[in-house]
Amino acid sequence: MKLFAIFGDPVEHSRSPLMHNHVFRQLGFDGCYTRIHLQDGEKLKETFFNLNLSGANVTVPHKEAAFKACDEVRGFAKKIGVVNTLINENGRLIGYNTDADGFLYAIKPFTGIKTILLLGAGGTAKALANKFIDEGFTTTVLNRSVNRLEYFKALGLTCHSWEDMPVDSYDLIVNTTSAGLKDDHLPAPEALLKPLLQSCRFGADAIYGKVTPFLQLCSNLEITAKDGSDMLLGQGVLANSYFTNGEFDLESIEEPMKTSFNF
Ligand code: NDP
């Protein structure tokens with residue numbers, strides 16, 4: 001049996017074991033997927049091989065550490081320096097990123113998107129910003145601290161911290177910060193966020209499985225918004241396809257994975 005895991009801190013909330021185990025069972029794939037609470041990102045590679053994993057997902061806050069740990073990084077992950085999916089290929093650690101395509105899958109129902117305000121400047125924001133550029137969306141980044149904005153400025157994006165953010169209108173505002181994951185914080189002060197949301201059409205949170213303060217504010221303002229469940233589904237389907245070495249088509253993986261969300 002092949003063993004898979006998700007690494008994160010925190011990781012107890014992760015739905016990935018449920019999703020992947022259900023797909024493995026339904027497709028008759030001999031695999032088992034567990035969760036590993038990892039505090040020190042430096043220990044990722046050694047833990048992966050000590051446990052003899054065939055593959056893994058990586059969540060907060062280790063995605064950039066995962067990129068550094070890889071023997072080889074492929075595709076979009078190479079461009080962005082952020083890895084969320086790991087594969088053991090004959091004892092070599094191979095890295096991929098499936099988050100950004102997962103997010104595009106999630107916002108398919110939001111039609112007519114041209115301008116996006118991205119809240120946060122961590123690993124997820126890097127992935128999405130690059131994908132948004134590829135997709136032709138006009139993207140602005142707003143982050144609590146200025147340091148991490150350098151990366152986005154280098155991509156040619158308009159960037160602001162809380163101190164210098166003007167009230168502009170956007171089609172979509174996306175929360176990629178971890179505010180609301182373990183606490184009750186908004187991703188930006190309410191006095192700043194509220195007028196921005198009031199002039200936007202859609203909201204999306206990367207956090208899933210709970211009504212975050214960001215989603216609550218969207219709901220109070222009657223803005224159509226979704227949590228990160230569909231993003232999770234989209235990235236999970238692609239990751240599972242790597243885990244099962246392309247043995248099954250994406251639709252065959254998507255169906256049982258979607259069902260696992262009802263458990
Ligand atoms: P990182 O740790 O790389 O980045 C965190 C970002 O959040 C930073 O920009 C940080 O700002 C900001 N931040 C943290 N706390 C606060 C706060 N209280 N107020 C405002 N900003 C804050 O995290 P990731 O990018 O890896 O993940 C971000 C979120 O996305 C997580 O909640 C994760 O669960 C979720 N996610 C969901 C996925 C899905 O499939 N649904 C997939 C990927 C991620 P600063 O620079 O100032 O510290």
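Which element gives the largest share of the shell around the ligand? The answer is α10, with three residues. The legends below follow the ligand shell and then three points of backbone geometry. The model is predicted.

**View 1. The ligand lies in the largest pocket.** The ligand sits in this pocket. Two elements, α6 (123-135) and α10 (229-243), each give two or more residues to the shell around the ligand. Of these, α10 supplies three residues, the largest share.

**View 2. The shell around the ligand holds 28 residues.** The closest are A121, T124, N143, S145 and A206. By class, 12 residues of the shell are nonpolar and 12 are polar. The remaining class, charged, has four residues.

**View 3. Two domains contribute to the shell around the ligand.** Domain 1 spans 2-97 + 230-262. Domain 2 spans 101-227. Each domain gives the shell at least three residues.

**View 4. Backbone atoms of A206, G228 and L232 face polar atoms of the ligand.** A polar backbone atom of A206 lies 2.7 Å from a nitrogen atom of the ligand. A206 is also listed among the closest residues of the shell. For G228, a polar backbone atom is 3.0 Å from a nitrogen atom of the ligand. At L232, a backbone N or O atom is 3.3 Å from an oxygen atom of the ligand. On its own, the ligand has 940 Å² of accessible area, and the protein covers 90% of that.

**View 5. A cis peptide bond joins D9 and P10.** Omega is about 10° at this bond. P10 belongs to the loop between β1 (2-8) and α1 (16-27). Most peptide bonds are trans.

**View 6. V60 and P61 are joined by a cis peptide bond.** Here omega is about -5°. P61 is placed in the loop between β3 (55-58) and α3 (63-69).

**View 7. N90 has a positive phi.** The angle is about 55°, although N90 is not a glycine. Most residues other than glycine have a negative phi. N90 is located in the loop that links β5 (85-89) to β6 (92-96).

Methods:
Residues numbered from 1 in each chain as written. Predicted model: local features only at pLDDT ≥ 70, side-chain atom pairs only at ≥ 80, totals over all residues. Heavy atoms only, no water. Near = heavy atom within 4 Å. Polar contact = N/O pair within 3.5 Å; in protein donor to acceptor, adjacent residues only side chain to side chain. Areas by Shrake-Rupley, 256 points an atom, 1.4 Å probe, with all protein chains shown as cover. 1 Å grid on protein atoms, 1.4 Å probe; cavity = no way out; pocket = protein on both sides within 12 Å on 5 of 7 lines; lining within 4 Å. Sits in = over half its atoms within 2 Å of the grid points. Helix = DSSP H or I, 4+ residues; strand = E, 2+ residues; numbered from the N terminus. Nonpolar A, V, L, I, M, F, W, Y, C, P; charged D, E, K, R; others polar. Domains from an automatic or database assignment.
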